[in-house]
Structure formats: structure tokens, C-alpha cells
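Trainee: Could you take a close look at one helix with me, and then show me how its surroundings fit together?

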Amino acid sequence: MSDAARAPASTSGGSGAPRIPGEAALRDLAVALADVTPGPLASRVVPIDGTYDLFGIEARAVADAVDGRRREFAAGREAARQALAMLGVAPTPIPRAHDRRPIWPAGLVGSISHAAGFAAAVAARDRDVAGVGLDIEAAAPLRDDLCGCVLTPTELRRRAAVPMVAGVPRCKVTFAAKEALFKAVYPITLGFFGFLDAVVDVGDDGSWTAVLRDPPAFPRADLRIGAGRWAAAAGMIAASVCIETGRGPPR
Ligand SMILES: CC(C)(COP(=O)(O)OP(=O)(O)OC[C@H]1O[C@@H](n2cnc3c(N)ncnc32)[C@H](O)[C@@H]1OP(=O)(O)O)[C@@H](O)C(=O)NCCC(=O)NCCS
């Protein structure tokens with residue numbers, strides 16, 4: 001890889017060290033990820049505890065970051081390049097914009113997430129979807145004090161009535177869905193919106209829907225928020241959503 005800088009070598013152990021997922025956990029999460037990213041989406045998950053190449057422009061973006069941050073950034077780029085490779089795209093830089101959003105190669109959209117020792121990414125052609133968002137989270141419940149910041153009154157009521165959904169905390173699935181939604185919408189609008197600006201309804205069948213409150217309305221009449229998907233495996237939750245064009249859903 002030309003213009004490449006080697007990401008730091010892997011480490012393990014010590015207090016605050018990242019969780020090192022086993023092969024089985026990685027496999028199970030890969031299955032869940034594939035479940036929430038059906039064709040024409042391509043997705044991959046890799047362990048953060050690995051040694052991955054970065055292009056120079058990427059390495060410079062995290063040159064001053066702490067080791068753990070450089071490591072998760074590099075693993076996210078690796079997962080993204082593997083997802084792009086599934087679409088036939090040769091290894092290419094995915095720079096970071098000033099607002100942290102990844103800048104995908106022309107004609108492509110995608111999303112990156114990292115948590116609990118895993119980094120995952122999804123990519124797609126922009127002729128198929130206008131945007132895509134992905135989030136992975138450890139399946140532990142959100143802290144109670146965070147629930148009030150993340151969940152709307154409607155979502156808090158649903159959580160009080162049915163706290164678990166398919167065996168995992170509803171609040172955490174809702175949180176993951178909202179982060180996925182933000183990552184899908186923001187690169188299109190370049191407008192920030194907060195957790196209380198969206199109302200998410202999580203189904204126990206692996207689906208979720210989202211309605212953005214007004215303001216900010218989703219400001220493109222030709223685009224719509226698609227059906228969200230979520231799945232749980234290996235103590236993790238994966239959530240995804242596409243921004244669809246008027247040409248129809250990505251099936
Ligand atoms: C941007 C945000 C969603 C990222 O989540 P996170 O908790 O940092 O963790 P994740 O690991 O899941 O995601 C990080 C990745 O998101 C991507 N990302 C960051 N900012 C982004 C943006 N503005 N648009 C799209 N993707 C973005 C990056 O690829 C980043 O990884 P990288 O820096 O290694 O490239 C979160 O930091 C945030 O700002 N949330 C507030 C906005 C929000 O979620 N609103 C909810 C609306 S309902």
C-alpha cells in the first residue's frame with residue numbers, strides 16, 4: 001500500500017485494555033452484521049486488536065491521538081476497505097472530514113462503528129442508496145442517567161412497559177438505532193441533530209423505524225429513511241439503516 005503508515009502493533013492486557021474478542025464472537029457478530037446489511041450493502045467486522053495499514057492521510061488524522069484511538073480508527077478503516085473490496089473497490093484512502101465523518105470514494109457511501117474490541121463497517125454504491133448508517137454497541141443497558149438524555153418520552157414509556165426486546169435491553173437497541181440514523185443522515189444534510197430529535201420504535205423481529213422530529217425535518221423530498229434493522233450476537237447489538245432514493249428500497 002503506497003503512502004501507508006503502519007498502525008501501532010497490537011497490545012493486550014493491563015487495566016483499560018480493549019476487550020479482545022475470540023474467533024467465535026467475531027464469527028457470531030459477522031453473522032449478525034450480515035443480517036442487518038443485506039444486498040446491495042457490503043459489511044465486514046474485524047477485531048480492533050490487530051495490525052492494520054493506514055494511508056498517510058489517515059494516519060496523520062490520528063497522529064496525536066492516544067494509542068487506543070489510533071487502533072480503533074485503523075481497525076475501522078480496515079473493516080471499511082474489506083467492505084469496499086466486496087463491492088470490487090481497490091484499497092483506497094478514506095480520509096476523515098473536519099466533523100469526523102469518513103469521506104468515501106466517489107460513487108460510494110458507508111459507515112463505520114467500533115465498540116468492545118470490534119470495528120465494523122458497511123459500504124454501498126450511491127446508485128443503490130443515498131446513505132447508510134451502522135452502529136455496534138455492547139448489549140449492556142444504557143445507564144439510567146443517560147436514558148433521559150437519549151430516549152424521548154415515547155421511548156421511555158415503551159421501555160418502561162417492555163424493557164427487553166428479543167433478550168437485549170430496548171434502551172440500548174434504541175441508542176444504537178439512533179447513532180446509525182445520525183451516521184446515515186448527517187453526511188447528506190451536514191446538519192447536526194440530537195437524540196431527542198428522533199423517535200425510534202424497535203420491533204422484536206429485528207426491525208426498527210425512525211421518525212425525525214420537526215425541526216429538523218429531513219430536508220430532501222426525494223429521499224426517505226428506510227426500514228432499520230438490528231440484530232444481537234456475541235454480547236453485541238448491531239443496527240443499520242439506509243437513506244433511500246425515490247427509486248425504491250435496496251432489494
Ligand atoms: C457521531 C457519533 C454518532 C459516533 O458515535 P460514537 O459513539 O463516537 O462511536 P462509533 O464507534 O459507533 O462511531 C464512530 C464513527 O462514526 C463515524 N462518524 C463520526 N462522525 C460522523 C458524522 N458526523 N457522520 C457520519 N459518521 C460519523 C466515524 O467513522 C467514526 O469513526 P472514526 O472516527 O474511527 O472514523 C456520535 O459521536 C455522536 O456525535 N452522536 C451525537 C449525534 C447523534 O447520535 N444524534 C442522534 C440522532 S437520533
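Mentor: Let's begin with the length of H3, which has 20 residues. At 1.5 Å a residue, H3 should span 28 Å, and its end C-alpha atoms lie 29 Å apart in this predicted model, so the two values agree. That helix covers residues 67–86. After H3 comes Gly88, where phi is positive, near 85°. Further along, in the loop between H3 and S4, you will find Arg100. Phi of Arg100 is also positive, near 85°, although Arg100 is a residue other than glycine.

Arg100 leads us to the ligand. There are 25 residues around the ligand, and those that come nearest are Arg100, Arg101, Ile112, Ser113 and Ala198. H3 has a part here too: H3, strand S4 (108–115) and helix H6 (170–189) each supply at least two residues of the shell. The largest share, seven residues, comes from H6. By character, the shell divides into eleven nonpolar, four polar and ten charged residues.

From the ligand we can follow S4 into the sheet. Three strands form this open sheet, in the order S2-S5-S4, with antiparallel pairing. Strand S2 (42–47) and S4 are its edge strands, each pairing on one side only. From one strand to the next, the twist averages 15°. If you look at S4 together with strand S5 (residues 118–125), you can trace eight bridges between the two in the antiparallel sense. A handy landmark is His114, which stands opposite Ala119 in S5.

Now for the other side of the story, helix H1. H1 (residues 23–36) lies across S2 and S5, and runs at about 160° to S2. Between H1 and S2 there is a loop that holds Pro40. Do look at the peptide bond that joins Gly39 and Pro40: this bond is cis, with omega about 10°.

Finally, a word on confidence. The mean pLDDT of the protein chain is 90, and 88% of its residues reach 70 or more. Residues 1–17 are another matter, with pLDDT below 50; beyond near neighbours in sequence, that stretch has 31 contacts in the model.

Methods. Residues numbered from 1 in each chain as written. Predicted model: local features only at pLDDT ≥ 70, side-chain atom pairs only at ≥ 80, totals over all residues. pLDDT = per-residue confidence, 0-100. Contact = placed C-beta atoms within 7 Å. Near = placed C-beta within 6 Å. Helix = DSSP H or I, 4+ residues; strand = E, 2+ residues; numbered from the N terminus. Nonpolar A, V, L, I, M, F, W, Y, C, P; charged D, E, K, R; others polar. Pairing = 2+ DSSP bridges. Axes fitted to C-alpha atoms, helices over the stretch in contact; angles between N-to-C directions. Expected span 1.5 Å × (residues − 1).
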